[in-house]
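Visitor: I would like to learn how to read the features of a fold, beginning with its sheet and ending with a single residue. Could you take me through them one at a time?

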Amino acid sequence: WRLAFGSCAKEDAQPIFGPLLASAPDLMLFIGDNHYGNASELGDLRQFYRHAHTRPLRADLMSRTATIATWDDHDYVGNNTDGTAPGKDIALRVFQEYWANGSYGADGVAGVFSVQHMADVDIFLLDDRYWRGLDDSILGDAQEAWLMDALGASTATFKVLASGSQWTPDGSSDSWGAYPAAWDRFRQSLVDGGVEGVVLLSGDIHSSELRLLDGGPGGYDLPELTSSPLATWNGTCGNEADVLACVNDGAFFMTVDFDTTLPDPSLTATIVDVAGAARAEWTILRSELAVGR
């Protein structure tokens, strides 16, 4: 089955959704900066969602395709905002009004995080804003605990973790790179819990990348798939050693094709441009995502 995902949809014209719909995804994930409201007023946020969800081609996709979402800063409260931002409860309220995710948060813990089950794959939608910075963490202590408990309980072949901000330690000051202790805890928790099959998704940076991140002592290297932008200006490509491919000359989405029926299950990630052309491709085998490999 096919997952498609992307981030950063700012411009009124969003032609990327034509080839995205033509790619026939079984599930679409909006992974952050789904609009650029940068607002905390109830009426303003509702208007930004109404405008975003009625863009030509984008509306066609959403009317025909199962759709889930998480957020990042621009559709949360504002650029580079964190858990101290005024208006975050209003942003959460309106997000819940306009996205039909299966659930939101956990008992006593607010946020947009949840897990979506699809065939033999679990997709963990993470909230990288509501609790950011409150516990020296990008997720907050309670969401971190929820994530590791849920990963430990998952029997899925692949466990896909979706964060609006990039995971790489070489990321910007508005990414997991700004929280090295949280990144180390996450990697160590995978080793301690024997959690295998983890793949990381992200957006935000206005270019699309394929990276392979160091899994730490006793762990396995973690693939990071970054899809951006759907409709806005381009950023730069990194030259770090973990970058396997990067494109930054237009609009992009990414497809991830899963086949868990194979003796060694696989996923294939493909960066696709506005012409519908594949710009980079990466096949990852489940056997490569094993603790102690």
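Guide: We will go through a sheet, a helix packed on it, the nonpolar cores and one loop residue, bearing in mind that this is a predicted model.

Visitor: In what order do the seven strands form the open sheet, and which strands are at its edges?

Guide: One reads a sheet by following which strands pair, and here the seven strands run in the order β4-β5-β6-β7-β9-β8-β10, with mixed pairing. The edge strands, β4 (114-118) and β10 (243-247), each pair on one side only, and neighbouring strands are turned against each other by 20° on average, direction ignored.

Visitor: In what sense do β6 and β7 pair, and what packs on the sheet?

Guide: Strands β6 (residues 158-162) and β7 (residues 198-202) pair in the parallel sense over four bridges, and Lys159 has Val198 in β7 as its bridge partner. Helix α5 (residues 141-153) packs on the sheet, where it touches β4, β5 (121-125) and β6, and its direction makes about 180° with that of β5.

Visitor: Which residues have the most contacts inside the largest nonpolar core?

Guide: That core has 52 residues, and those with the most contacts inside it are Leu161, Phe186, Leu201 and Leu225. Apart from it lies another core, of 27 residues, among them Val77, Leu92, Phe95 and Val272.

Visitor: Is Thr65 buried or exposed?

Guide: Buried means under 20% relative accessible area, so Thr65, at 9% relative accessibility, counts as buried. Thr65 lies in the loop between α3 (58-64) and β3 (67-69), and among the residues it touches, not counting those up to four places away in sequence, are Leu21, Pro25 and Met28.

Terms used. Residues are numbered from 1 along each chain as its sequence is written. This is a predicted model: local features need pLDDT of at least 70, side-chain atom pairs count only at pLDDT 80 or more; totals for chains, interfaces and linings use all residues. Side-chain values use heavy atoms; hydrogens and water are left out. A nonpolar core is a set of buried Ala, Val, Leu, Ile, Met, Phe, Trp, Tyr and Cys residues joined through side-chain atoms within 4.5 Å. Buried means under 20% relative accessible area, exposed over 50%, partly exposed in between (1.4 Å probe, protein chains only). Two strands pair if DSSP finds at least two bridges between them. Helices (H or I, at least four residues) and strands (E, at least two) are DSSP runs, numbered from the N terminus. Axes are lines fitted to C-alpha atoms, for helices over the stretch in contact, and angles run from 0 to 180 degrees between N-to-C directions. Contact means heavy atoms within 4.5 Å.
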